[in-house]
Amino acid sequence: MGVIGRAGRLRLTVVDDGTGGAALEPGGGLTGLVERVRTVDGWLDVTSPPGGPTRITIDLPLHA
């Protein structure tokens, strides 16, 4: 896990040691999180290849 604050933004990265396969699917929890992050001009990225690990990065403006 890492947190970086720079240029008026906050970036949070979380990595697990699971088997991968997390996906942004309609109606899924990660998709709901993407929608919330976008409302404050942020972004969310999910990398979760088969076999893992899963890495989720969220970038938010500090004003959020």
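This report describes a predicted model, moving from its sheet and helix to its core and its loops.

## The sheet

The sheet in this model is an open one of 4 strands, arranged in the order β1-β2-β4-β3 and paired in the antiparallel sense. Because β1 (2-6) and β3 stand at the edges, each with a single partner strand, one side of each is left without a neighbour in the sheet. From one strand to the next, the twist averages 10 degrees. As background to this arrangement, strands of a sheet pair through backbone hydrogen bonds, and the pairing may be parallel or antiparallel.

## The hairpin of β1 and β2

At one edge of the sheet, β1 pairs with β2 (residues 9-15) in the antiparallel sense, over 5 bridges. Within this pairing, the bridge partner of V3 in β2 is L12, while the bridge partner of G2 in β2 is T13. The two strands form a hairpin with 2 residues between them. The strand β1 is hardly covered, since the count of buried residues among its 5 residues is 0.

A7 lies in the loop between β1 and β2, and in this turn A7 has a positive phi of about 50 degrees, although A7 is not a glycine. As a general rule, most residues other than glycine have a negative phi. Is A7 buried or exposed? With a relative accessibility of 76%, A7 counts as exposed, because the cut-off for that class is over 50%.

## The strands β3 and β4

At the other edge, β3 (43-47) and β4 (55-61) run antiparallel and are joined by 5 bridges. Across this pairing, W43 stands opposite D59 in β4.

The residues of β3 are divided between a covered face, which holds L44 and V46, and an uncovered face, which holds W43, D45 and T47. This division can be read beside the general pattern that, in a regular strand, the side chains alternate between the two faces of the sheet.

## The helix α1

Helix α1 spans residues 29-38, and its buried residues are L30, T31, G32, V34 and V37. Which strands do the buried residues of α1 pack against? They pack against β3 and β4.

Two residues of the helix can be followed through their contacts, in each case not counting residues up to four places away in sequence. L30 touches A22, A23, L24, V46 and I56, and V46 belongs to the covered face of β3. T31, which also lies in helix α1, touches L24, E25 and P26. T31 counts as buried because its relative accessibility is 18%, and the cut-off for a buried residue is under 20%.

## The nonpolar core

The largest nonpolar core is made up of L30, V34, V37, L44, V46 and I58, 6 residues in all. The elements that give two or more residues to this core are α1 and β3, and α1 gives the most, with 3 residues. L44 and V46 of this core are the residues on the covered face of β3, whereas L30, V34 and V37 are among the buried residues of helix α1.

## The loop between α1 and β3

D41 and G42 are two neighbours in the loop between α1 and β3. Phi of D41 is near 65 degrees, a positive value in a residue other than glycine, and at 55% relative accessibility D41 counts as exposed. G42, in contrast, counts as buried, with a relative accessibility of 11%.

Which residues does G42 contact, leaving aside its neighbours within four places in sequence? G42 is in contact with R9, V37, D59, L60 and P61, and among these V37 is a buried residue of helix α1, while D59 is the residue that W43 stands opposite in β4. Another pair gives a sense of distance, as G42 and T19 are 23 residues apart in sequence and 27 Å apart in space, from C-alpha to C-alpha.

## The loop between β3 and β4

P53 has its place in the loop between β3 and β4. The peptide bond from G52 to P53 is cis, with omega near -5 degrees. For comparison, most peptide bonds are trans.

Note on methods. Residues numbered from 1 in each chain as written. Predicted model: local features only at pLDDT ≥ 70, side-chain atom pairs only at ≥ 80, totals over all residues. Heavy atoms only, no water. Buried < 20%, exposed > 50% of the residue type's maximum accessible area, 1.4 Å probe, protein only. Contact = heavy atoms within 4.5 Å. Pairing = 2+ DSSP bridges. Axes fitted to C-alpha atoms, helices over the stretch in contact; angles between N-to-C directions. Core = buried A, V, L, I, M, F, W, Y, C linked by side-chain atoms within 4.5 Å.
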